[in-house]
Amino acid sequence: MNNINIRVASIDDIEDILFIYNEGIIDRIATLETTIKDKNYMLEWFHRHKERYKVIVAEVEGKTVGWASLNQYSSRSAYDGVADLSIYIKRTYRGKGVGGTLLSYIEGIAKENDFHKIVLFTFPFNELGQGLYKKRGFREVGVFKNQGILDGQYIDVMAMEKLLF
Ligand SMILES: CC(C)(COP(=O)(O)OP(=O)(O)OC[C@H]1O[C@@H](n2cnc3c(N)ncnc32)[C@H](O)[C@@H]1OP(=O)(O)O)[C@@H](O)C(=O)NCCC(=O)NCCS
C-alpha cells in the first residue's frame, strides 16, 4: 500500500489508538488482555510513554490505521537498552504493509534512543505477525507453553527479539 504516513502520536490520537487496540483484544490473536479498554485506561497508558518510550501512528488518506509503541521492558536499569514492542493495525488494513512500515520506522526510533534490542511476545498462531516479524529479522527466542488462558483455553506465547546494534 502506498501513501502510508508515519508520525509521532499525540494525545489527540487516543480515541483511534483505543479503537484499534480494542479490535486486537476482541480478535483474540494479539494479546492476553480479554476485556476491552476505555479512554481513561488508554490515557494513563499514553502518559506512561514518556521520553524514549515513543508511540507512533500510521495514517492512510488522513485516517489513523495503526500504531506502534516502545514499552518499558523492566524498571531495572540493567534492562535500559531493551524495549518491548506493541503494534496494532486496524482490522480492515491488516496484511497491506502498514505493520511493516510502522515496524521499520520504530526500529529507527529505537536506535536513536539507544535501545540495543527490541523484544516482543506473540502468539504462534498469529500468522500475519509471524510473517512480519520474521521478515524484519526477529528471531524466535522460545515458546512459553500454556502461558495464559484465553476464553478457558491455555495459550502458548512466543518470545522474539531483534538486536539493533
Ligand atoms: C500483526 C500485525 C501488526 C501485522 O501488521 P500488518 O500490517 O498486517 O502486516 P504487513 O502487511 O506489513 O506484513 C505482513 C507480512 O506477513 C507476511 N504475510 C502476509 N500474509 C500472510 C499470511 N496469510 N500468512 C503468513 N504470513 C503472511 C508477508 O511477509 C507480509 O509482508 P509482505 O506482504 O510485505 O511480504 C497486524 O496484522 C495486526 O495488527 N494484527 C492484529 C493485532 C496484532 O496481532 N498485533 C501484534 C501483537 S504481537
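In this predicted model, the ligand takes up the space of the largest pocket. Four elements each give two or more residues to the shell around it: strand β4 (82-89), helix α3 (98-112), strand β5 (117-122) and helix α4 (127-135). Of these, α4 chips in with the largest share of the shell, 7 residues.

Counting everything, 22 residues surround the ligand, and the closest are Ile-89, Gly-95, Gly-99, Asn-126 and Lys-135. Sorted by class, the shell is a bit of a mix, with 10 nonpolar, 8 polar and 4 charged residues.

Some of those closest residues also show up in polar contacts with ligand oxygen atoms. For Ile-89, it is a backbone N or O atom that sits 2.6 Å from an oxygen atom of the ligand. Gly-99 likewise uses its backbone, with a polar atom there 2.7 Å from a ligand oxygen. Asn-126, on the other hand, brings in its side chain, a polar atom of which lies 2.7 Å from an oxygen atom of the ligand. Overall, the protein covers 75% of the 930 Å² of accessible area that the ligand has on its own.

One further residue, Gln-72, belongs to strand β3 (residues 63-72). Gln-72 counts as partly exposed because its relative accessibility is 49%, and a residue has to be over 50% to be called exposed. As for its placement relative to Tyr-133, the two are 61 residues apart in sequence, and their C-alpha atoms are 19 Å apart in space.

Note on methods
Residues are numbered from 1 along each chain as its sequence is written. This is a predicted model: local features need pLDDT of at least 70, side-chain atom pairs count only at pLDDT 80 or more; totals for chains, interfaces and linings use all residues. Side-chain values use heavy atoms; hydrogens and water are left out. A residue is near a molecule or strand if one of its heavy atoms lies within 4 Å of it. A polar contact is a pair of N or O atoms within 3.5 Å; within protein, one must be able to donate a hydrogen and the other to accept it, and residues adjacent in sequence count only if both atoms are side-chain atoms. Accessible areas come from the Shrake-Rupley method with a 1.4 Å probe; for residues, only the protein chains shown count as cover. On a 1 Å grid over the protein atoms alone, a cavity is a set of points where a 1.4 Å probe fits but cannot get out, and a pocket is an open set with protein on both sides within 12 Å along at least five of seven lines; lining residues have an atom within 4 Å of a point. A molecule sits in a cavity or pocket if more than half of its atoms lie within 2 Å of its grid points. Ala, Val, Leu, Ile, Met, Phe, Trp, Tyr, Cys and Pro count as nonpolar, Asp, Glu, Lys and Arg as charged, and the others, Gly among them, as polar. Buried means under 20% relative accessible area, exposed over 50%, partly exposed in between (1.4 Å probe, protein chains only).
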